[in-house]
Amino acid sequence: MNSFIMKSMDSAPKDGREVILKVAYRAGIPGRFLVGHYMPGGHCIEDHPAIAAGWYFWNGLMFDKAAEPLGWCPLPGEAA
């Protein structure tokens, strides 16, 4: 596996683009990674309930909030 240089969450893009997130836990397993994006909260989709602002990922069924993001890096081949 390639090693990625993780950046501080303070510098993470909040424009909706997907990035690699390092999270404290994923499905109860510590120190995992996922592909996620920032959602500003409110009604992101007109006919869905309002959500809290934060980092989300697709879990195969729905968007789920990422638990405790620790760092981020761009997807391979994308600029930071």
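Trainee: In what order do the strands of the open sheet lie?
Mentor: This is a predicted model, with local features needing pLDDT of at least 70 and side-chain atom pairs pLDDT 80 or more, while totals for chains, interfaces and linings use all residues. Numbering starts from 1 along each chain as its sequence is written, and side-chain values use heavy atoms, without hydrogens or water. The open sheet has five strands (DSSP E runs of at least two residues, numbered from the N terminus) with antiparallel pairing (at least two DSSP bridges), in the order S4-S3-S2-S1-S5.

Trainee: Which are the edge strands?
Mentor: Look for strands that pair on one side only. Those are S4 and S5 (69-74).

Trainee: In S5, which residue is the bridge partner of Val23?
Mentor: Strand S1 (residues 19-26) and S5 are antiparallel and share five bridges. In S5, Val23 has as its bridge partner Pro69.

Trainee: And which residue in S3 is the bridge partner of Tyr38?
Mentor: S3 is joined by three bridges to strand S2 (residues 29-39), and the two run antiparallel. In S3, Tyr38 is partnered by Trp55.

Trainee: Which residue takes a positive phi in the hairpin of S3 and S4?
Mentor: S3 also runs antiparallel to strand S4 (residues 63-65), again with three bridges. One of the bridges links Phe57 to Asp64 in S4. Four residues lie between the strands of this hairpin, and the positive phi, near 100°, belongs to Gly60.

Trainee: Why is S3 largely enclosed by the rest of the structure?
Mentor: Strand S3 covers residues 54-58. It is largely enclosed because, of its five residues, the number buried (under 20% relative accessible area, 1.4 Å probe, protein chains only) is four.

Methods
Buried means under 20% relative accessible area, exposed over 50%, partly exposed in between (1.4 Å probe, protein chains only).
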